[in-house]
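This briefing works through one structure by topic, going from a single loop residue to a strand, a nonpolar core and a chain-to-chain contact. Please keep the sequence and the structure in view while reading.

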Amino acid sequence: MREILYRHALREAFDEELTRDENVVLMGEEVAQYNGAYKVTEGLWEKWGCKRIVDTPISEAGFIGMGIGASMLGVRPVMELMFWSFHSVAFDQLVNNAACVRYMSGGLCNVPIVMRGPANGGTGVGATHSHVPEGLFASFPGLKVCSPATPADAKGLMKSAIRDNDPVYVMENTLLYGTSGEVPDPADGDHLVPLGKADIKREGSDVSLIAHGRSVLRALEAAETLQSEHGINAEVLDLRSIRPLDQQAIIDTVMKTNRAVLVDESKPFCGVSSQITTLIQEHAFDHLDAPVKRVCTLDAPAIYSPSIEDEQLPNPRRIVEQVLTIA
Amino acid sequence: MDSPASPLDFSQSKINQNLTAEQKIDLFRDMARIRRFEQTSLKFYNGGKMGGFLHLYIGQESVAVGTISLCGDNDHVITAYRCHGHALAVGMEMNPCMAELYGKATGAAKGKGGSMHLFDPSRNFWGGHGIVAGQTPLGLGLAYGVKYKEQKGCCLCYLGDGAVNQGAFHESLNLAALFELPVVYIIENNGYSMGTSQQRSSAYKDCLAQRAEAYDMDWDLVNGEDVYEVRAKTHIAMERARKESKPTVLEIATYRYYGHSVADANAKKYRTPEEIEKYKTYHDPLRLWRRRLIEEAVFTDVDADNIDKEAKQEAVAAAKFADESPAPTVESIFEDVYWETDNNTEASQVGRHFFND
């Protein structure tokens, strides 16, 4: 199968959906003429023009809200936040209008919109640009959240998100944009990955590493070390989607290995892994041979220093150490 | 707030000259219906029938009725939490509106939105929004949608004078002008952002709408007590939007007789009883419009009384309907959260959407 970059997989998803549905519009800061701050939308403005690919001023509350209003009328905006960290200046629009309008109108209004952009630490940009808000937004009923780790999942989830009739917040990762992976050829049909379906990225029998986003790749690295140095065969479950959540896949892997280590770039307090932990103890308590353990981002604002930044994140060394406490 | 009487007679504006007697009476009826609806809702709010807030529109009726009377099929309306007047003006019936205030299953939003969140997209009415100025980017988006679909229409986006200092509004003005969107921002200036007067809350030179100049937008001041003037000046702005795809800020001077909400503990402290009485006596839009139509021999005092009586009866009947309606079920809490789960689609079958256990 062909291999393409994560950013190109996303671009292919946009291009295909722009072709499929004339109401799809890409909007955000520098997405058009600049070709995207991270070159995710490169070439699309040249191909599709100003009506479909729209540069906005640095005005997140304004243009995110504008996209929400337009979606109520049937436009299907795909809004880029240059960093998901900038959610805070558009928070009212993201959680009051996008998440609640359908509910408050008794189902009369509908918000078929995608909000997307990178949400990760590890790039030496300090605390304000390193937020990882998937757990935050998944805590608002009405919203859907996903976080693809591979190019194939990035494309498949993005296409599903654009076709979904509810607001879907897609959390990408600047450190993944340049990674490559196998993605099915468009000639072989539409490549869709449904929201709410996890994926086992590595089969194993001794412990389950449950992760999403870039943490999946770190967990896979850790799994290789665990195998080669400690003889521990770890299974890696990629959640892919946070809400809806593939609870069954989580229960199944725990029932298989009887041990779980959650790898989550969120902070530990009420992060995604907190929710997964409570689901495991409620639904698979009798199958556990050890406490559920977590490897999260260390509980402080993101440090700048490139020397130790990676130590704050869930890295393979920290994952291995945590696994060794229970396996 | 107080505004000098205009030397112009807006009844002679073309948009008003074309009004038939029946249409003029309809404008009176629409305003009377809003007032009676509000008075009735106040009575039962005080009687403990409703929860939450009740932001009454009494005194401002001419603004919603005058402006919305200009709307056509491709024109859209969105407003803030003081939304009952706009809801009735777009043609929503009293029963679902009152039932929504009561939090009943028969409410416009099935009891999920309440007083601040009335919606009727079938009549191009997009709410009813609770966060001050939070609706102003949404109004922009509705205008964006109209333009994107290449329709000849516009969005009327209402806000209070207290909303003009929110960042979202300024961002919206910039985007409206920058993208040339067909939106008309209507500041309903009732003089008070809750308990804080305009003078104590806003920095401005001559008026609030003048801020539009910073964004190279057209703006105008409107005396809200005169339905003819409201219609004439709003029509100009709407035509600018429809024909030139250009936004406008209108500031319509008006007044609310009650507190910010009924729960406003200081409603009678931050302004004098004399001020309120002056408006009721000399500037009441219903009273003025009624007098005008009698002068024009469009109807008689008796006709007006009958219309008012009918409006009152309709409101009382709506309260009865609401009172007798069933409450929503606990199961319904999970409806209207996601389109996909409500419609039981394939996508909704994958993964868990709700996390109650």
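In chain A, the loop between β2 (24–28) and α2 (44–48) holds A:Y34. The model is a predicted one, and the points below start from this loop residue before turning to strand β10 of chain A, whose residues are 207–211.

**The loop residue A:Y34**
- Because 13 other C-beta atoms lie within 10 Å, A:Y34 counts as partly exposed, the buried class requiring 20 or more such atoms.
- A:Y34 and A:I280 are separated by 246 residues in sequence, and their C-alpha atoms are 45 Å apart in space.

**Strand β10 of chain A and its neighbours**
- Strand β10(A) is largely enclosed by the rest of the structure, because 5 of its 5 residues are buried.
- In a regular strand, side chains point alternately to the two faces of the sheet.
- Both faces of β10(A) are covered, with A:V207, A:L209 and A:A211 buried on one side and A:S208 and A:I210 buried on the other.
- Strand β11 (residues 234–238) of chain A pairs with β10(A) in the parallel sense through 5 bridges, and within β11(A) the bridge partner of A:L209 is A:V236.
- Strand β13 (residues 260–264) of chain A also runs parallel to β10(A), to which it is joined by 4 bridges, and within β13(A) A:I210 has A:L262 as its bridge partner.
- Together with helix α7 (residues 214–230) of chain A, the strands β10(A) and β11(A) form a right-handed β-α-β unit.

**The largest nonpolar core**
- The largest nonpolar core has 203 residues, of which A:L209, B:V183 and B:V184 touch the most other members.
- At least three residues of this core come from each of domain 1 (3–188) and domain 2 (199–324) of chain A.
- Leaving aside residues up to four places away in sequence, B:V183 touches B:G139, B:L140, B:A143, B:C154, B:C155, B:C157, B:A176, B:A241 and B:P247.

**The contact between chains A and B**
- Contacts between the two chains involve 43 residues of chain A and 41 residues of chain B.
- On the side of chain A that touches chain B, α3 (60–72) and α4 (91–104) of chain A each supply at least two residues, and α3(A) gives the most, with 10 residues.
- The residues on that side of chain A comprise 18 nonpolar, 18 polar and 7 charged.

Terms used
Residues numbered from 1 in each chain as written. Chains lettered and ligands numbered in written order. Predicted model: local features only at pLDDT ≥ 70, side-chain atom pairs only at ≥ 80, totals over all residues. Buried ≥ 20, exposed ≤ 12 C-beta atoms within 10 Å, placed from the backbone. Pairing = 2+ DSSP bridges. Right-handed = clockwise from strand over helix to strand, strands pointing away. Core = buried A, V, L, I, M, F, W, Y, C linked by C-beta atoms within 7 Å. Domains from an automatic or database assignment. Contact = placed C-beta atoms within 7 Å. Nonpolar A, V, L, I, M, F, W, Y, C, P; charged D, E, K, R; others polar.
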